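This report walks through selected features of one structure. Keep the sequence and the 3D view open while reading.

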Amino acid sequence: MRRSLIILNTFALSTTMVYAGLLIVNGLRARQPWAVTCYNCKACTAKCILGIDPQGFVAAALAGNRDIYVYATNIRLQARQAKAMDPDMVVSVGEHRLRASEAVERLGPEAEVVTYRVRAGDAARLCLDCGACERGCVLGLPLMRMIDQLRKDQEVHSHAS
Amino acid sequence: MIVIGVATLFLFVAAVLCSTRGWIPQRTITLQTILLLVAVLAFAARVVFGPPVKWAELLAPANLHPVTSTVAGFLLAGALSAAGAFDAAAKLLDRLTGTTLGLPFAIVLLVNLPSIFAMPCGRILASPLMPIALALGWSVARLRNDPVMVPMVVFGMLVNAGASCTPSLIGGIGTLAEGMGHYPQGSFANAAQFGIVAITIATMALIRFQYRASLSMKATPPEAREVQVPAQGYTALALFVALLLFIVLVHPKIPLQMLLVGATLAVMALAGVGFSDLLAGVVLHPLSAMLAGYLLAAALTLSGGFDALLVILVWLATHSPLGWLGVAVLLVNVPLMLAMPCGRIISVSLIPGVLMFGEQLSLVTGFQAATPVLLCSFVLCGASSCGPSPIGGVGNIGEGRLRIRDSWSSRPQALGIFLGVPVTALLLAHLPLSGVSFDVRYLPVGLGIGILAGAATNLLFGYRFHHLGGLLGGVATGALMVIL
């Protein structure tokens, strides 16, 4: 019993270390090693007029997945556009939060909605490329390069599918 | 999903309570194991009962910055220790004790040093300052013949360090809240710093008057002997202070971890310190607990635990006598109830809800500054909560060094935070939101709070309340907080 508990505890400790290792490896695989240095201070978020949280791009690099959801709280779309982009995208309608597919069903395809949480790849496509986030970063991290890369990956993915 | 969210939230609270209260002994199953088991259960619940989920989302909320900061802090502390910098600091403190200013001056400045320099993670300074806090603590304990003075100094410094990432202008949690709420950068900093002074004093007072009976400290005092400080000890100490000043004054666009590692290499070259000296100070427990905390937070987010919490709070605000105001007070203190090893975990998860609450509070009370007041109080509470967090919080470092049982310091720290956060709320409600790093309008407040803190420190450590050392230390603390 005691031996199995020691194994279990050692396994748990190792898992946490693997978890940290995975984040670093993903950052390297995404060719964005600087992502591990991000403070997650949201200085970049304050600068974005579209309400996109550029730290989400960093999180996408560390998670090794462009489909993770990030905040983008100030982009107006028609419900059908939002659904076409991603049916699971979360949008705001007044005080309510709905999935894009639900918004189309309840309000009709032409209704105006405001994005709330979108996939990192979609946020990169919607970005205006003004560079305010990069200028606002306390570390001067190359966020525009990250956005460019996500956008290219998204295009490649769209063509492939 | 709400039912699953509530269930996983309950499971999390129960698991942490079981572990920290000793109902599941650490020697049987460690905290990390319990956190991971809860994370697995929460994630499994989401996979079985919720919409499809991607594995990568378990990685998304993680932030390596506090982990690497802790490691860099450990390495620099190891190098400084081997170079004799802490012996040099102890010697300087000894000399200071002999002057009119005495120990209170040094204590006020030391316990508030983390929030004066305000690094983006309190752990950066916690490790290097720990030996100095211990030296100072044992000096005053010997003088007063009262060992409780040691944890007073140590946990005063640690709770201050834990909270110090709120006012940091170089990427602290305060900037996270300012960014998400679209407020000017640095507008919460000074109010938060003064609140942290109150938190520090309250924590030290609670340890002395309320929790001394439950203190069982196995650490023994260092032998009183004359230590020969090598010349490079003073140089290494000067290098450390110069590095801190450089960071605070220049705000370099370089990750602080790199600067700390650079300073570590410089100290190694200066004093001929080997790698074994550096690695001796690295402790895996807080690192693995923090990482397990991130994994659990990700699983709780996916299973709807945090969403469920907000739903419960909104229901309470609209259906209970607490109303929006009462629940806002509850919401501010949620990070203390669910203390995570890094305040960023819960801050990022709940700030959208806090902003929504702030708007409602503005409508209900007609008080326009309600949102920034609520946001800054919440984020200060969140940042400070890594001090009392039993799951790898910064307080664990002190418990380990003093050989006190795990999470003994959680309660005095949590109560100190509970008492100190309203100071920030009051100040922010009455002072203008300022986006400049040195706002002269904050200077009288800083000096006033500094004098009060100095007088309180004098009393807590057995001096007359008007002892010059404490008062001058307080004035210097208040002034430096506003200026730097």
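Is B:Trp55 buried or exposed? B:Trp55 is exposed, at 66% relative accessibility. Bear in mind that the model is predicted.

## Aromatic pairs

B:Trp55 does not stand alone: the chains together hold five aromatic pairs. In one of them, B:Phe43 and B:Trp55 are tilted, with 5.0 Å from centre to centre and 40° between the planes. B:Phe43 belongs to helix α2 (residues 31–49) of chain B, and B:Trp55 to the loop between α2 and α3 (65–83) of chain B, so the pair ties together parts 12 residues apart in sequence. The two partners sit in contrasting surroundings. B:Phe43 has a relative accessible area of 9%, which puts it under the 20% limit for buried. B:Trp55, at 66%, is over the 50% limit for exposed.

B:Tyr183 and B:Phe188 form another pair. Their ring centres are 5.7 Å apart and their planes meet at 45°, so this pair is tilted. An angle of 45° is neither under 30 degrees, as stacked would need, nor over 60, as edge-to-face would need. Both B:Tyr183 and B:Phe188 are buried.

## Charges over rings

Each chain offers an arginine placed over a tyrosine ring. In chain A, the charged end of A:Arg117 sits over the ring of A:Tyr71, 4.6 Å from the ring centre. In chain B, B:Arg144 lies over the face of B:Tyr463, and the distance to the ring centre is 4.4 Å.

## Strands in chain A

Strand β3 (residues 90–93) of chain A has two antiparallel partners. Four bridges join β3(A) to strand β4 (residues 96–99) of chain A. Three bridges join β3(A) to strand β5 (residues 112–119) of chain A.

A:Ser92 takes part on both sides. Its bridge partner in β4(A) is A:Arg97, and its bridge partner in β5(A) is A:Val114. A:Val90 also pairs into β4(A), where its bridge partner is A:Arg99. The hairpin of β3(A) and β4(A) has two residues between the strands, and A:Gly94 there takes a positive phi near 60°.

## A buried glycine in chain A

Where does A:Gly108 lie? A:Gly108 is in the loop between α5 (100–107) and β5 of chain A. A:Gly108 has a relative accessible area of 19%, under the 20% limit, so it counts as buried.

Its surroundings include residues from elsewhere in the chain. Setting aside neighbours within four places in sequence, A:Gly108 is in contact with A:Ala79 and A:Ala103. The C-alpha atoms of A:Gly108 and A:Gln78 are 9.3 Å apart, although 30 residues separate the two along the chain.

## Enclosed helices in chain B

Helix α8 (residues 173–181) of chain B has nine of its nine residues buried, so the rest of the structure largely encloses it. Among the buried residues are B:Ile173, B:Leu176, B:Glu178 and B:Met180. Just after α8(B) comes B:His182, with a positive phi of about 60°.

Helix α19 (residues 395–402) of chain B is also largely enclosed by the rest of the structure, because six of its eight residues are buried. Those six are B:Gly395, B:Asn396, B:Ile397, B:Gly398, B:Glu399 and B:Leu402. B:Arg403 follows α19(B), with a positive phi near 55°.

## A buried asparagine in chain B

B:Asn190 is in helix α9 (residues 189–209) of chain B. B:Asn190 is buried, with a relative accessible area of 8%. Which side chain makes a polar contact with the side chain of B:Asn190? The partner is B:Gln193, at 3.0 Å. Leaving aside neighbours within four places in sequence, B:Asn190 is in contact with B:Tyr442, B:Met481 and B:Val482.

## Where the chains meet

How many residues does the contact take from chain A and from chain B? Chain A gives 41 residues and chain B gives 45. The two chains bury about 3,500 Å² between them, with 68% of that area on carbon and sulfur atoms. On the chain A side, A:Thr16, A:Tyr19 and A:Tyr39 lose the most area to chain B. Together they account for 20% of what that side buries.

How values were computed:
Residues are numbered from 1 along each chain as its sequence is written. Chains are lettered from A and ligands numbered from 1 in the order in which they are written. This is a predicted model: local features need pLDDT of at least 70, side-chain atom pairs count only at pLDDT 80 or more; totals for chains, interfaces and linings use all residues. Side-chain values use heavy atoms; hydrogens and water are left out. Rings of Phe, Tyr and Trp (its six-membered ring) pair if their centres lie within 6.5 Å; planes under 30 degrees apart count as stacked, over 60 as edge-to-face and the rest as tilted. Buried means under 20% relative accessible area, exposed over 50%, partly exposed in between (1.4 Å probe, protein chains only). A charge sits over a ring if NZ of Lys or CZ of Arg is within 6 Å of the ring centre and within 35 degrees of the ring normal. Two strands pair if DSSP finds at least two bridges between them. A polar contact is a pair of N or O atoms within 3.5 Å; within protein, one must be able to donate a hydrogen and the other to accept it, and residues adjacent in sequence count only if both atoms are side-chain atoms. Contact means heavy atoms within 4.5 Å. Buried area is the accessible area (1.4 Å probe) that two parts lose on being put together, summed over both.
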